[in-house]
Every structure is written in C-alpha cells, then in structure tokens.
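User: Hey, can you walk me through this one? I'm new to reading structures.
Analyst: Sure, let's have a look together.
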Amino acid sequence: KRSSLDTSTANTALIPALAHIKVHPLSRFQRRAAPFRQPAEVGYFSYDASRSLRVNCDSALKFFHPPPLDGVSNNLSSGFEDSAPIRYIARASVVENLDSLLATLKTTSDSQTSLLTANDRGDGRPRFCTWRGIMTKILTAPYSSDTWELRASLHKGTLYIMEDPLISRASDGFSETDRGKKMTYWGYRFEGLSTLDHDPSTLDPDALHAAEVDRVQTGVVDTHIQFCSVIKTRIGDHDIFMGAEVDCLLPNADASSAKQQPSESTSKPATSPSATSKLRQHRYVELKTHRKIQSQSQNSSFLKQKLFKTYFQCFLAGIPRIIVGFRDDKGFLTKLKEYKTLEIPRMARNELQGEEGGAWDPAVCINFGEQVLSTLWKCLAQRNQELCREGEVEGWQVVYRVRMKNGSASFDGRSAGSQSRG
Ligand code: A3P
Ligand code: MG
Ligand code: MG
C-alpha cells in the first residue's frame, strides 16, 4: 500500500483529470437559483495577538463606531511608518489549514455539526467544510478572471477544501509594491478607526471620548487579531460548514450588549455560544475601503468588482451590512456609506442597466457554485472508492487539486499530497 502521493509524474498518471466545468456560456447557469439556506452561526472563535486560538471566545470581536471625517484624524496612513512605538504588526502571509474551524466545530452540541459522527448521520447529504473566502472564490468565478488553486479531500462523509500552502496567494505583484503595502494598511487602519473594543452605547461620555482619541493617536493595527464566525448553510443539496472573519458588531441600541464580558468569554460563558450567536448575527458588519467615486465608469467598476465580491463574502456568511469608507488618493477618508447586503443585487441591476454586459446575476453564481460542489463530490466519492478497491491508497489519504484557470474549473489528483501534509 502506498502511504502517500507526491508530485511525481507516476502519481500524475495514477489520478488523471477527473472533470472540467466551464464558466461560459453563462446562460447554462441562468435559471432560478438553487435553494440557499439562511446561514446560521453554530460557533465562533478569536485569534489573539500571538495568533493563539480561543474557541467560542469573542475577545477579538469589535464594535462599530463611526470614524472621524475631520480632515486630520481621518488619515488612513497614520501609524503606517511609526517605529517608536510600532503601530503596524502585520501577520506573515501564510495559508492556514482548517484546524481552528475544526476545533470549534468539535465543541458544538448540535449533532448535525459533529464531524466525528459523519458516518452515522443517515441523511446522505454531501457535506463540505471550508473557509468562506474559498466559497467566495468559487461562487464569483463566473464574473471574475482570477485564477486559483485549492486542495480537496473527502473523509468520512465530509469534503474538506483548503488553499494550497505550497502555492503562494495569487498576486499581480501590486501588494508587494510600496503603494500596494500602504493601500493594504489603509484597509486595516479603516477597521481600527471605525471600531472600539467596547460597545459605545455602554460607555459614559468621558470613557467614549478617551476611546475615540486613543484609536486615532495610539491605535495599533495588528492583523494577528481576528474574530471568526463558524456558519452552517446549504446550497442545493450540499451542507456547508464555513469559517468567516467578521469585522465588527453594530452597537446594541438598547445597550444590553450581546458581546460577553471578557471574564465570561475566557472561562465559562453565562450564555451558551449558540444563544449568543442567534442574538447578534444580525448585527454583524463587514468593513471595506474604496477610492471615492467620481464618474459613471468608476461607479460601474465598484459595482462589478468590489461590491460584487463583497456581496458574496457577506451573503455566504449571513452578514447583513457592509459599511464602505470612501477615501481620496492620499488615503484620507471622505465619506461612509452603508449597504444592506440583500439589497445589493437589485441595486447593481438598476445602476448597471443599459451598460455593456449589464450586471452580474447572483443566480448564475449560486448555480455555478452548486455545480462545482456536486461535481467535486461525485468525482471524489467515486475516485476514493476506486482507489480503495485497487488497494493503492486509502481514498481519504488523497488530496485532490481544484483549479480555476481561463474560465474553467478542473479537478484532478496532480500535485496531490498525503494527508500528513495538511
Ligand atoms: P479593503 O478590502 O477595505 O481594501 P476584509 O475586507 O476582507 O476584512 O479585509 C480587510 C483588509 O485586509 C482589506 O481592506 C485589505 O486592506 C486587506 N486585505 C485583505 N485581503 C487582501 C489581499 N488578498 N491582498 C492584500 N490585502 C488584503
Ligand atoms: Mg476583515
Ligand atoms: Mg473588511
């Protein structure tokens, strides 16, 4: 028995290409969207400044509080080059596996989410476990020219999809330039300038003022710190468990905060994680920055690119609001605008009416995603069975490659690695 696969040509021959799904013509996916189940949070976790995982802890969840737009403290570059003290701690760009998501899923009480009992479920529905960013890549492919490569493995009734740590994140090189690095910082700095650690509605005026001054003058951008929601949803007949970063929470208007106090979060929460999730999921907010829009063509590209991808990022995770901070070329915030996630497709359709190509159709994206998932499932289930019968390897030890290039999604076993690598 072979214990693992490597990238040699012998193994390329062992697992030939399994399937291709072409994006075009889009008309193949233009029909009523496959059923999509409202995403429900089943758990959450935080990463702290040392990137340590805290399961069912919301210590990294921040509260939205409007940023200043005064012409001075609205400078998104502030802190970028400070060295004493340092105000920008950037996490090295490494691809992470699914460990934190799995650790959180293991603690959920809902038997439907217990990956350990996958074989006993009996409903026979394909089940997927991945990051929200990966699902966004798949669903937005019909209207994007991005190329990407993922790894997939089917084990005990769950199909896991991960990024390939051996393949660096697709980059046009811009984010490595000085300008690109600064613009990346602007995105993170906007998050820092638009949030507070505590619910502002619970702070007295002096404490609120101190927190506002603090975030402008001494706020540190540390990209290790993140809050993630763990979500269960369904596309067509496919259950999907996803981890998704959530930027912040809208303050509670009636001041009864849904965020637990730190002492409760780190020990035993007073409210169970699932009860907390139901209370606050509808208050989640995604923050984005974008260059201020000064022409019709800039508005079109905002709707077709940034807002299109942000829509799916939020739609998949059940995040109902997007707050965009518009900025000038020097990185000063000029305006805030809130978008309701579910209103975006209609808005894009109206505003892009009559333009060449028109708007993107969310049903095309959902149906394309549904087809990718079902084909991937069928291919891997069948191939795993064949490999088992041939006695070559245990099927689940094989990690398959999923590629999107030139408008075609393809699945194969090349570059496959053993389970031990991930
Ligand atoms: P913007 O998207 O506002 O530019 P997210 O919006 O997904 O929460 O990400 C927050 C910020 O992280 C982004 O802000 C951007 O600055 C940075 N970022 C995220 N993904 C990136 C990528 N692939 N390359 C460069 N920067 C990225
Ligand atoms: Mg974010
Ligand atoms: Mg964001």
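Analyst: First, some vocabulary: helices (H or I, at least four residues) and strands (E, at least two) are DSSP runs, numbered from the N terminus. Two strands pair if DSSP finds at least two bridges between them. This is a predicted model, where local features need pLDDT of at least 70, side-chain atom pairs count only at pLDDT 80 or more, and totals for chains, interfaces and linings use all residues. Residues are numbered from 1 along each chain as its sequence is written, while chains are lettered from A and ligands numbered from 1 in the order in which they are written.

User: Cool. How many helices and strands does the chain have?
Analyst: There are ten helices and 18 strands. Six strands make an open sheet with mixed pairing, ordered E9-E4-E13-E14-E15-E16.

User: Which are the edge strands?
Analyst: Strand E9 (195–196) and strand E16 (333–340), since each pairs on one side only. E9 pairs with strand E4 (residues 62–64) in the antiparallel sense, over two bridges. Phe63 has Leu196 in E9 as its bridge partner.

User: New topic: how much of the chain is buried?
Analyst: Buried residues are 39% of the 422 in the chain. Buried means 20 or more other C-beta atoms, placed from the backbone, lie within 10 Å of the residue's own.

User: And what is Met242 in contact with?
Analyst: Leaving aside neighbours within four places in sequence, Met242 is in contact with residues including Trp131, Met135 and Leu316. Contact means that C-beta atoms, placed from the backbone, lie within 7 Å.

Conventions. A residue is buried if 20 or more other C-beta atoms lie within 10 Å of its own, exposed if 12 or fewer, and partly exposed in between; C-beta atoms are placed from the backbone. Two residues are in contact if their C-beta atoms, placed from the backbone, lie within 7 Å.
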